[in-house]
Amino acid sequence: MKNKLIMFWAIVIIVIASIVTICVKPTKLGLDLVGGSRLVLEAQPANNAQVTPDMMSSLQFAIENRVNKLGVSETVVQRAGEKRLVVEIPDVSDLNQAKAYLGETAELDFRKPVMRNGEAEWEATGLTGKDLDRANLSSNATNGQWVVDLEFNAEGTKKFADLTKKLVGQPMAIFFNGEMQSAPVIREPITGGRAQISGGDQGFSVEEAKKMVDLLNAGALPVPAKIIEENTVGPTLGADSIAKSKVAGAIGLGFVMVFMALYYRAPGLIADVALIIYGLMLFALFKAIPVTLTLAGIAGFILSIGMAVDANILIFERTKEELRAGRTLFTAINSGFDRAFTSIFDSNMTTIITCTILYCLGTSIVKGFALTLAIGVMVSMFSAITITKNFMHLIFGTGKLKNPAIFGLRAEEINAEYQAVETKREKAKFGILD
Amino acid sequence: MKLKLDIVKNRFIFLALSAILLTPGIIAMIYSTVTYPTHTPLKVGIDYTGGTTLQYGVKQDVTNEKLSSVRDDLQKGGIDNPYLQIININSQDTDLKSILSIRTKFIDEKSTDQEIITNIVSKDFEGASLVQVDSVGPTLGSELFKNSMIALSLALLGIVAYLTFRFQFNYALAAILGLVHDTIFVLGVFSILGLFYNVQIDALFVTAVLTVIGFSVHDTIVVFDRVRENLKYYGKKMSFGEIMNSSINQTLARSINTSVTTLITLLALYFLGGVTTRDFVLAMILGIFIGTYSSIFFCSTLIDIWEDKKNSSAPAIAG
């Protein structure tokens with residue numbers, strides 16, 4: 001009984017934490033629910049060169065990387081026509097920032113000084129952003145300015161070492177998107193594969209340096225791309241439809257709860273409470289992770305509510321059977337849970353397997369669905385097994401079944417024409433066949 | 001109170017019923033594949049064909065006469081085969097009464113089609129505003145389709161592997177066949193809806209089908225789990241048919257109650273929810289209905305028939 005009480009208070013704490021999370025955190029709604037921006041990018045190679053499908057694949061990859069850097073989920077980068085990408089970004093507060101990320105190339109190259117016709121010029125060395133392993137944001141220890149640390153990959157390290165060996169005593173310039181960032185004088189060969197870009201005399205602002213890091217890490221665009229079309233997509237469902245769906249969802253859920261209470265009586269009411277807690281927990285989790293809710297995501301959510309109710313129904317049906325077989329309340333509740341567990345576990349496992357595969361391979365719409373459903377199913381197992389069981393034990397655990405009607409049973413059903421075989425707890429759990 | 005179903009005795013009736021449920025849809029899909037220019041079993045939206053959909057918020061009621069006059073104007077303006085649709089929104093928050101959705105071939109940036117269409121619509125409906133533009137390039141569709149198919153196939157393999165591990169291969173096979181049964185039913189109904197009501201499927205529809213698949217397997221497993229348990233305790237006392245029958249009857253209340261609760265939510269969403277999700281919810285309603293049917297009447301029947309085959313080919317054991 002003591003453990004049960006501890007569990008009860010743990011559930012109370014979870015509920016409070018969920019409510020706080022729901023109040024504090026904003027809900028992330030997808031583009032199809034609230035609208036967002038839709039951008040069309042067009043590849044514009046120099047000298048009107050042919051855009052090959054390969055170029056577009058790598059452009060799409062690079063743009064996807066950049067969009068992901070924005071930290072917005074459910075972004076979509078799709079090809080449209082031969083040389084365009086459609087980028088959909090939900091809920092971007094600063095559209096200009098997003099645009100700056102997308103079209104901008106990230107061409108980093110190192111150049112050496114040469115004398116041509118008596119004038120000093122910078123000449124490409126073949127060491128470029130492609131030789132980078134990664135870039136990091138850091139600050140200069142002496143003057144506190146923001147700098148970009150570069151780490152070369154193996155090949156880059158070798159190239160950089162060779163280059164700096166040749167250039168001892170001379171400056172080497174770092175160009176980013178064709179603009180010289182700095183041109184430090186090489187004092188000795190650098191073999192460690194590391195370099196640093198400082199913003200010259202005035203230094204970088206933190207935004208500038210951070211953007212450069214992100215762009216470098218996302219990779220250069222294989223072909224220059226320009227945003228040729230931009231529009232904000234109005235909500236497909238619309239604020240009005242969201243409101244309608246909320247009402248519909250609430251009414252639907254209300255009917256389900258009434259049904260449960262009428263059919264299963266006291267346990268049904270307990271399941272209703274557990275269902276409310278389940279909803280709160282799931283919604284809090286969605287906000288905490290956070291999961292961007294799209295129409296497809298909401299479908300996953302609804303289905304998981306269906307499965308959460310299902311777990312309770314399975315358990316109660318088993319408990320009723322055990323009661324019919326004449327067991328005491330306590331044993332009936334326990335066996336009901338244990339025997340229903342295999343069904344719940346196996347059916348939910350297949351759902352989770354499906355969701356995992358869909359999440360890994362699906363498009364972003366499908367991903368949203370798979371994620372909400374998988375989270376929902378896992379939380380529903382916890383809810384049915386832990387919360388419902390705890391409440392059942394606290395309320396009925398010690399007593400005797402004096403009034404079968406509270407379980408929706410009639411007195412004459414008890415012990416009538418029924419045989420049941422004792423299920424060993426472990427065996428029931430793992431579904432072992434003799 | 002006890003509803004006793006004798007599935008085993010009537011198994012061929014249920015298989016026939018499945019055939020009756022599925023056949024119209026299959027015919028519609030074959031007919032559609034042959035007749036549609038896209039050669040697809042369902043009427044596909046721009047997600048799979050490419051194209052542009054322009055949606056205009058309209059403040060007036062849109063009558064059918066008005067709609068066909070817009071269509072005529074568009075064709076005179078050089079827009080080939082525009083597909084027009086009216087979505088009533090009856091919004092309380094805005095003064096928009098409906099949304100006029102116009103689907104055309106893909107409009108690229110060189111084309112002036114969008115301006116032409118906007119001009120025509122604003123002429124016919126005063127104060128109409130472009131609320132949404134959707135454009136999908138023609139090459140994208142097949143790619144999306146291919147990716148969904150790969151994901152789907154792997155998901156099916158995963159389910160088969162898990163069920164084979166937890167149950168037996170023939171149970172896994174029956175569950176998958178049940179799932180195929182349910183998917184064909186839903187696709188078939190939407191194929192028919194496409195033929196008669198111009199219902200088009202989009203990426204959201206595919207998600208609905210995935211939902212149905214999840215539910216279908218879920219339902220089937222609950223029945224199979226009971227069969228597995230009963231086999232363990234009564235396997236020596238009862239025939240497989242008897243075990244199958246009692247397992248189905250024991251899980252019947254659960255199967256029906258679960259479907260009822262889910263259907264309640266979905267029906268509320270269908271009748272009271274937003275218009276744009278209506279087809280999506282309909283697909284799920286159909287799927288959950290057929291999923292419950294197949295787990296009770298179809299999958300178990302298959303297992304029973306296979307078990308019978310196995311036993312009749314094996315030497316009979318006395319007792």
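**Close-ups of a predicted two-chain model: helix packing and one loop residue**

**View 1. Helices H1 and H6 of chain B pack against each other at an angle of about 50 degrees.** Here H1 covers residues 11–35 and H6 covers residues 169–197, and their axes sit 8 Å apart. An angle of about 50 degrees falls outside the classes for roughly parallel, perpendicular and antiparallel, so H1(B) counts as oblique to H6(B). The crossing of this pair is left-handed. As with everything shown here, this comes from a predicted model.

**View 2. Here are the residues where H1(B) and H6(B) meet.** On the H1(B) side, look for B:Ser18, B:Leu21, B:Leu22, B:Pro24, B:Gly25, B:Ile26, B:Ala28, B:Met29 and B:Ser32. Across from them, H6(B) brings in residues including B:His181, B:Phe185, B:Gly188, B:Ile192 and B:Leu195. What sort of residues make up this contact of H1(B) with H6(B)? They split into 12 nonpolar and 7 polar, with no charged ones.

**View 3. Helix H8 of chain A crosses helix H8 of chain B.** These two share a label but belong to separate chains: H8(A) is residues 295–324, and H8(B) is residues 240–272. Their axes come within 9 Å and cross at roughly 150 degrees. Since an angle over 145 degrees counts as roughly antiparallel, that is the label for H8(A) and H8(B). The crossing is right-handed.

**View 4. Here is the contact between H8(A) and H8(B), residue by residue.** Chain A supplies A:Ile302, A:Ile305, A:Gly306, A:Val309, A:Asp310, A:Ile313, A:Leu314 and A:Glu317. They meet B:Ala253, B:Arg254, B:Asn257, B:Thr258, B:Thr261, B:Thr262 and B:Thr265. Tallied up, the contact has 6 nonpolar, 6 polar and 3 charged residues.

**View 5. B:Gln168 sits in the loop between H5 and H6 of chain B.** Helix H5 of chain B spans 138–166. Is B:Gln168 buried, exposed or partly exposed? With 15 other C-beta atoms within 10 Å, B:Gln168 lies between the cut-offs of 12 or fewer for exposed and 20 or more for buried, so it is partly exposed. While you're here, find B:Arg228 too: B:Gln168 and B:Arg228 are 60 residues apart in sequence, yet their C-alpha atoms are 9.9 Å apart in space.

**View 6. Chain A has 11 helices and 11 strands.** Of its 434 residues, 44% count as buried. Among chain A contacts between residues at least 6 apart in sequence, 72% join residues at least 24 apart.

Terms used
Residues are numbered from 1 along each chain as its sequence is written. Chains are lettered from A and ligands numbered from 1 in the order in which they are written. This is a predicted model: local features need pLDDT of at least 70, side-chain atom pairs count only at pLDDT 80 or more; totals for chains, interfaces and linings use all residues. Axes are lines fitted to C-alpha atoms, for helices over the stretch in contact, and angles run from 0 to 180 degrees between N-to-C directions. Helices (H or I, at least four residues) and strands (E, at least two) are DSSP runs, numbered from the N terminus. Angles under 35 degrees count as roughly parallel, over 145 as roughly antiparallel, 65 to 115 as roughly perpendicular and the rest as oblique. A crossing is left-handed if the near helix is turned anticlockwise from the far one by less than a right angle, and right-handed if clockwise. Two residues are in contact if their C-beta atoms, placed from the backbone, lie within 7 Å. Ala, Val, Leu, Ile, Met, Phe, Trp, Tyr, Cys and Pro count as nonpolar, Asp, Glu, Lys and Arg as charged, and the others, Gly among them, as polar.
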